[in-house]
Amino acid sequence: MRLIGVDTPEVYGEVECYGREAAAFVKRLLPLGARVRYSLGVERRDRYGRALAYVYTGDGRFLNLLLVRRGYAQPLTIPPNDRFAERFAAAARGARARRAGRWAPGACV
């Protein structure tokens, strides 16, 4: 599965800045076996066959947006899956302004 609208740092192969922190955040938020709800995008699969989804935690938090808001991901808009593009962009601006996550001083040098 691939989260729609967000670009998270890589943790496989060449590890990108803040990748381990982002992965650890998701593992804490959604431990193995955690229940989630998801909605597939207009374009349901990417070129690798992965489902493209908006994911919600068991308590209703929007994972895609939360990752951007906390500075673990950046917006990545690929039409036609652009339903929440403005919300993701606003969340990224806020994360940068608060110096959250990858935007913290010294986090990604």
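Which helix does Asn 64 lie in? Asn 64 lies in helix α2, and this predicted model lets us look around that residue and several others, one close-up at a time.

**View 1. Asn 64 in helix α2 has a side chain that reaches a backbone oxygen of Ile 4.** Let's start with the residue from the opening question. Asn 64 has a relative accessible area of 0%, so it is buried. A polar atom of the Asn 64 side chain sits 2.9 Å from the backbone oxygen of Ile 4. Setting aside neighbours within four places in sequence, the contacts of Asn 64 include Leu 3, Ile 4 and Val 6. Ala 53, Tyr 54 and Val 55 are also among its contacts, as is Phe 88.

**View 2. Strands β1, β4 and β3 make up an open sheet.** The three strands are arranged in the order β1-β4-β3, with mixed pairing. At the edges are β1 (2-3) and β3 (36-45), each of which pairs on one side only. In general, strands of a sheet pair through backbone hydrogen bonds, either parallel or antiparallel. Here β1 and β4 run parallel and are joined by two bridges. Where they meet, Leu 3 stands opposite Ala 53 in β4. You may recognise this pair from the previous view, for Leu 3 and Ala 53 are both in contact with Asn 64.

**View 3. The largest nonpolar core holds 25 residues.** Which members touch the most other members? They are Tyr 54, Phe 62, Leu 63 and Leu 67. At least two residues of this core come from each of α1 (19-29), β4 (51-57), α2 (63-69) and α3 (85-98). Take a closer look at Leu 67: beyond its neighbours within four places in sequence, Leu 67 is in contact with Leu 3, Thr 8, Phe 25 and Val 26, and also with Tyr 72 and Ala 73.

**View 4. Thr 57 is a buried residue of strand β4.** Is Thr 57 buried or exposed? The relative accessibility of Thr 57 is 5%, so this residue counts as buried. Apart from its neighbours within four places in sequence, Thr 57 is in contact with Leu 29, Leu 30 and Arg 35.

**View 5. Two salt bridges are found in the structure.** One of them links the side chains of Arg 50 and Asp 46, with 2.6 Å from N to O. Arg 50 counts as partly exposed because its relative accessibility is 35%, whereas Asp 46, at 15%, counts as buried. Another salt bridge brings together the side chains of Arg 61 and Asp 59, with an N to O distance of 3.1 Å. Arg 61 has 36% relative accessibility and so is partly exposed. Its partner Asp 59, at 56%, counts as exposed.

**View 6. Gly 106 lies in the segment after α3.** Our last stop follows the chain past that helix. Why does Gly 106 count as exposed? The reason is its relative accessibility of 60%, since over 50% is the cut-off for exposed. Pick out Ala 95 as well, and you have two points to compare: Gly 106 and Ala 95 are 11 residues apart in sequence. In space, their C-alpha atoms are 15 Å apart.

Definitions and conventions:
Residues numbered from 1 in each chain as written. Predicted model: local features only at pLDDT ≥ 70, side-chain atom pairs only at ≥ 80, totals over all residues. Heavy atoms only, no water. Core = buried A, V, L, I, M, F, W, Y, C linked by side-chain atoms within 4.5 Å. Buried < 20%, exposed > 50% of the residue type's maximum accessible area, 1.4 Å probe, protein only. Helix = DSSP H or I, 4+ residues; strand = E, 2+ residues; numbered from the N terminus. Contact = heavy atoms within 4.5 Å. Polar contact = N/O pair within 3.5 Å; in protein donor to acceptor, adjacent residues only side chain to side chain. Salt bridge = Lys/Arg side-chain N within 4 Å of Asp/Glu carboxyl O. Pairing = 2+ DSSP bridges.
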